[in-house]
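Hi there,

Here is the structure I promised to pass on to you. Have a look at it first, and then read on for what I found.

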Amino acid sequence: MPSAATMAGSASGTVVQSGASELVASGGRDAGATILGGEQDVYGAVSGAVLVDGYQYVEAGATATETTISGGNAVVLAGGSDFGAVLS
């Protein structure tokens, strides 16, 4: 499975295809990711993600803001936060 990791840095415009994964580690940030069937595991912070298919997991201590969910599954685990999500 192809994967990408954002550690203490930042990323923007990431596209996560089916069968791929992205890890946003604690201290890392990603803005404007599009998830097309893969998996985004968030331990840091993400904003403006578009979830078309696949999974977004917001782990304990992590924050997601303004996620647009048109398909797939957004899962906020205990201790995680999701603000301003839009179901479309």
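Let me start with a small pairing: strand S3 (residues 15-16) runs parallel to S6, and two bridges join them. Within that pair, valine 16 sits opposite isoleucine 35 of S6. Please keep in mind that this is a predicted model.

On confidence, the average pLDDT of the protein is 93, and 93% of the residues reach at least 70. Among the elements, strand S9 (residues 63-65) has the highest mean pLDDT, 98, while strand S1 (residues 3-6) has the lowest, 67. Where pLDDT is low, the predicted coordinates should not be read in detail.

Back to S6, which has further partners. Strand S4 (residues 21-24) pairs with S6 in the parallel sense as well, over four bridges. There, glutamate 22 has glutamine 40 of S6 as its bridge partner. S6 is also joined to S8 by seven bridges, again running parallel. Two of the facing residues there are easy to find: glutamate 39 stands opposite tyrosine 55 in S8, and valine 42 stands opposite valine 58 in S8.

From S8 you can carry on to two other strands. Strand S10 (residues 68-69) runs parallel to S8, with two bridges between them, and valine 50 faces threonine 68 of S10. Strand S11 (residues 73-76) pairs with S8 over four bridges, also in the parallel sense. The bridge partner of valine 58 in S11 is valine 76.

Then there is an open sheet of five strands, in the order S2-S5-S7-S9-S12, with parallel pairing. Its edges are strand S2 (10-12) and strand S12 (81-83), each of which pairs on one side only. On average, neighbouring strands in this sheet are turned by 10° against each other, direction ignored. Inside the sheet, strand S7 (residues 45-47) and S9 are parallel partners over three bridges, and serine 47 stands opposite threonine 65 in S9.

Now to the part I think you will enjoy, a pair of glutamines. Where does glutamine 40 sit? Its place is in strand S6 (residues 34-42), whereas glutamine 56 belongs to strand S8 (residues 50-58). Are they buried or exposed? Glutamine 40 has a relative accessible area of 0%, and because anything under 20% counts as buried, glutamine 40 is buried. Glutamine 56 is also at 0%, so it is buried by that cut-off. What does the side chain of glutamine 40 make a polar contact with? The answer is the side chain of glutamine 56, at 2.9 Å.

Their surroundings are worth listing too. Leaving out neighbours within four places in sequence, glutamine 40 is in contact with Glu22, Val24, Asp30, Ala33, Ile35, Val46, Ala49, Tyr55, Gln56 and Tyr57. With residues up to four places away in sequence not counted, glutamine 56 touches a set that includes Ile35, Gln40, Val42, Val46, Ala49, Leu51, Ala64 and Asn73.

Some of those names come back in the nonpolar cores. The largest core has six residues in all: Val24, Val42, Val46, Val58, Ala62 and Ala64. A second, separate core has five residues, including Val16, Ile35, Leu51 and Ile69. So that you can place the glutamines against these cores, note that glutamine 40 is in contact with Val24 and Val46, and that glutamine 56 touches Val42, Val46 and Ala64. From the second core, Ile35 is in contact with glutamine 40, and Ile35 and Leu51 are touched by glutamine 56.

One last residue for you to look at is tyrosine 43, in the loop between S6 and S7. Its relative accessibility is 38%, which lies between 20% and 50%, so tyrosine 43 counts as partly exposed. Not counting residues up to four places away in sequence, tyrosine 43 touches Leu23, Val24, Ala25, Ser26, Glu59, Gly61 and Ala62. Two of these, Val24 and Ala62, are members of the largest nonpolar core. Between tyrosine 43 and alanine 85 there are 17 Å in space, C-alpha to C-alpha, and the two are 42 residues apart in sequence.

Happy to talk it through whenever suits you.

Best wishes

How values were computed
Residues numbered from 1 in each chain as written. Predicted model: local features only at pLDDT ≥ 70, side-chain atom pairs only at ≥ 80, totals over all residues. Heavy atoms only, no water. Buried < 20%, exposed > 50% of the residue type's maximum accessible area, 1.4 Å probe, protein only. Contact = heavy atoms within 4.5 Å. Core = buried A, V, L, I, M, F, W, Y, C linked by side-chain atoms within 4.5 Å. pLDDT = per-residue confidence, 0-100. Polar contact = N/O pair within 3.5 Å; in protein donor to acceptor, adjacent residues only side chain to side chain. Pairing = 2+ DSSP bridges. Axes fitted to C-alpha atoms, helices over the stretch in contact; angles between N-to-C directions.
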